[in-house]
Amino acid sequence: MPNKHFQADVDPLSVGFFSGMRDKKATEIYSGDIVVVGYMPRIGFGRWIGTVVFEDGCFDVVCKHDRDYLKCSVANYDCEVIGNVYQNSGLLNPEKGKAE
C-alpha cells in the first residue's frame with residue numbers, strides 16, 4: 001500500500017491552543033474561540049461575549065469591560081462557544097460586549 005501524503009497551507013495565526021476544557025455543550029474550547037459567559041467579576045451577571053486568550057500560562061475570557069479565568073466560567077457550567085475570531089469576528093460587538 002503506497003503512502004499518500006498531502007500538503008495544505010495553514011495560517012499559523014489561525015491555529016488555536018486547546019485549553020483542555022469543554023463548554024456546557026461539551027464543545028472543546030480553544031484560544032481564539034468566541035464564548036458567551038453569564039458572569040464577569042467587575043460587571044456582574046448577564047450574557048457577556050468574550051474571546052478566549054492564552055496569556056501568561058492561563059486561559060482567560062476577555063470582553064470589552066472585563067477579564068476572568070476561563071476555568072471559572074467552565075466550572076460554573078456558564079460558558080458556551082459560539083464561534084471563533086478567524087471565521088466569526090462579526091460576533092464580537094465592540095459597542096456592547098453583551099449577547100443579544
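This is a short tour of ring contacts and charged pairs in a predicted model.

**Aromatic rings**

Start with the aromatic side chains: the whole structure contains four aromatic pairs. Select Phe-18 and Tyr-30 to see a tilted pair, with 5.2 Å from centre to centre and 45° between the planes. This contact links distant parts of the chain, as Phe-18 sits in strand S1 (residues 18–22) and Tyr-30 in strand S2 (residues 28–30), twelve residues apart. Turn on the surface and you will find Phe-18 partly exposed, at 39% relative accessibility. Tyr-30 is also partly exposed, with a relative accessible area of 28%.

Next, pick Tyr-39 and Phe-45. Their ring centres are 4.7 Å apart and their planes meet at 50°, so this pair is tilted. How accessible is each partner? Tyr-39 is partly exposed at 34%, while Phe-45 is exposed at 69%.

Now select Phe-17, Phe-54 and Phe-59 together: these three form one aromatic cluster. For a ring with a charge over it, go to Tyr-69, where Lys-71 lies over the face at 5.8 Å from the ring centre.

**Charged pairs**

Side chains of opposite charge can pair when their charged atoms come close. There are five salt bridges in this structure, and the following stops visit some of them.

Select Arg-22 and Glu-28, whose side chains form a salt bridge with an N to O distance of 3.3 Å. Arg-22 is partly exposed, with a relative accessible area of 44%, and Glu-28 is partly exposed as well, at 28%.

Move on to Lys-25 and Glu-80, joined by a salt bridge of 3.0 Å, N to O. Lys-25 lies in the loop between S1 and S2, and Glu-80 belongs to strand S7 (residues 79–84), so the pair ties together parts that are 55 residues apart in sequence. Which of these two is buried and which is exposed? Lys-25 counts as exposed, at 56% relative accessibility, whereas Glu-80 counts as buried, at 17%.

For the last stop, select Asp-60 and Arg-67. Their side chains meet in a salt bridge at 2.8 Å, N to O. Asp-60 is buried, with a relative accessible area of 8%, but Arg-67 is partly exposed at 33%. Finally, add Glu-55 to your selection: Glu-55, Asp-60 and Arg-67 are linked in a network of salt bridges.

Note on methods. Residues are numbered from 1 along each chain as its sequence is written. This is a predicted model: local features need pLDDT of at least 70, side-chain atom pairs count only at pLDDT 80 or more; totals for chains, interfaces and linings use all residues. Side-chain values use heavy atoms; hydrogens and water are left out. Rings of Phe, Tyr and Trp (its six-membered ring) pair if their centres lie within 6.5 Å; planes under 30 degrees apart count as stacked, over 60 as edge-to-face and the rest as tilted. Helices (H or I, at least four residues) and strands (E, at least two) are DSSP runs, numbered from the N terminus. Buried means under 20% relative accessible area, exposed over 50%, partly exposed in between (1.4 Å probe, protein chains only). A charge sits over a ring if NZ of Lys or CZ of Arg is within 6 Å of the ring centre and within 35 degrees of the ring normal. A salt bridge is a side-chain nitrogen of Lys or Arg within 4 Å of a carboxyl oxygen of Asp or Glu.
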